[in-house]
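Reader: I am new to this structure and would like a close look at one part of it, namely its charged pairs and the sheet and helix around them. Please go slowly, and say where each piece lies and what it touches.

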Amino acid sequence: MSEVRPILPEEIRLLPEIEKSADLLFEEAGFTDLPPPAGPKEYKDAKFILVANDPPKGFVRVDEIDGLVHIEQLSVARPHMEKGLGSALLEGACTLVKQQGYDSITLITFSGIRWNEDFYKKHGFAELAELTLGLMKLRKHEIELGLDDVAKRIVMKRDL
């Protein structure tokens, strides 16, 4: 069983390595040219970050866009995948945002990749047809980063 909890300030430095390790799964599947992990400022600007275990083996970073909550990053270190950490982090984030009074949560992920789109569908997310201005700006930023060159991206939403 994994412990999901708010991140401690001194643990922020661990997040880029967790994200980098999680990206190994993409490399193993032949997807390359992913952008580098987020930096300390991006993590510190998050609405909140939850981590799994002590020391952290995975994290979920949640931001606020257009007054809505958005999962910006969900990463589990490669050696700790397929042990329920990603599901625990995702459900922890959904529970927390519901407690904060939000009625939905969004994310952007790769389409057609088992551990992305299918994982989120299993957890109640569905593709979102109409985007808010903030989500459109985020998609534009992702295109500029080259994420659409890796694989098709989709915006998904889960009602809470």
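Author: In this predicted model, Arg 153 counts as buried, with a relative accessibility of 12%, because the cut-off for that word is under 20%. Its partner is Glu 142, and the closest N and O atoms of this salt bridge are 2.7 Å apart. Since Glu 142 lies in helix H6 (residues 133-145) and Arg 153 in strand E7 (residues 153-159), the pair ties together parts that are eleven residues apart in sequence. Glu 142 is buried too, at 6% relative accessibility. As general background, side chains of opposite charge can pair when their charged atoms come close.

The structure has 13 salt bridges in total, and a second one offers a contrast in its surroundings. Lys 47 pairs with Glu 64, and here the closest N and O atoms are 3.1 Å apart. Lys 47 sits in the loop between helix H3 (40-44) and strand E2 (48-52), whereas Glu 64 belongs to strand E3 (residues 58-65), so this pair ties together parts that are 17 residues apart in sequence. Lys 47 is partly exposed, with a relative accessible area of 34%, and Glu 64 is also partly exposed, at 42%.

A third bridge joins Arg 5 to Glu 3, with 4.0 Å between the closest N and O atoms. Arg 5 is buried, its relative accessible area being 11%, while Glu 3 is partly exposed at 42% relative accessibility. These two residues do not stand alone, for Glu 3, Arg 5, Glu 11 and Asp 54 are linked in a network of salt bridges.

Arg 5 also leads into the sheet, where its bridge partner in E2 is Val 51. Beside that pairing, Val 4 has Ala 52 as its bridge partner in E2. Strand E1 (residues 4-6) and E2 run antiparallel and are joined by three bridges. On to E3, the connection consists of five bridges, and E2 and E3 likewise run antiparallel. Within this pairing, Leu 50 stands opposite Val 60 in E3. E2 and E3 form a hairpin with five residues between them, and in that turn Asn 53 has a positive phi of about 80°.

How many of the residues of E2 are buried? Five of the five are, so the strand is largely enclosed by the rest of the structure. In a regular strand, side chains alternate between the two faces of the sheet. Both faces of E2 are covered, with Phe 48, Leu 50 and Ala 52 buried on one side and Ile 49 and Val 51 buried on the other.

Stepping back to the whole sheet, seven strands form an open arrangement in the order E1-E2-E3-E4-E5-E7-E6, with mixed pairing. Its edge strands are E1 and strand E6 (126-127), each of which pairs on one side only. E7, the strand that holds Arg 153, therefore has E5 and E6 as its neighbours in the strand order.

E7 is also one of the elements touched by helix H5 (residues 114-122), which lies across E4, E5 and E7 and runs at about 155° to E5. In H5, the residues Asn 116, Glu 117, Phe 119 and Tyr 120 are buried. Seen down the helix axis, the buried residues of H5 fall within an arc of 165°, so they line one face of the helix. In an α-helix there are 3.6 residues a turn, so residues three or four places apart point the same way. The buried residues of H5 pack against helix H2 (24-28), strand E4 (68-76), helix H4 (85-99), strand E5 (104-110) and E7. On the face turned away from this buried side, H5 carries the exposed residues Arg 114 and Lys 122. Just after the helix, Gly 124 takes a positive phi of about 90°.

A last residue to locate is Leu 34, which lies in the loop between H2 and H3. Leu 34 is partly exposed, with a relative accessible area of 23%. Leaving aside residues up to four places away in sequence, Leu 34 touches Asp 23, Phe 26, Phe 110, Leu 147 and Val 150. From Tyr 120, which is 86 residues away along the chain, Leu 34 is separated by 20 Å between C-alpha atoms.

Technical notes:
Residues numbered from 1 in each chain as written. Predicted model: local features only at pLDDT ≥ 70, side-chain atom pairs only at ≥ 80, totals over all residues. Heavy atoms only, no water. Salt bridge = Lys/Arg side-chain N within 4 Å of Asp/Glu carboxyl O. Buried < 20%, exposed > 50% of the residue type's maximum accessible area, 1.4 Å probe, protein only. Helix = DSSP H or I, 4+ residues; strand = E, 2+ residues; numbered from the N terminus. Pairing = 2+ DSSP bridges. Arc of directions from axis to C-beta. Contact = heavy atoms within 4.5 Å. Axes fitted to C-alpha atoms, helices over the stretch in contact; angles between N-to-C directions.
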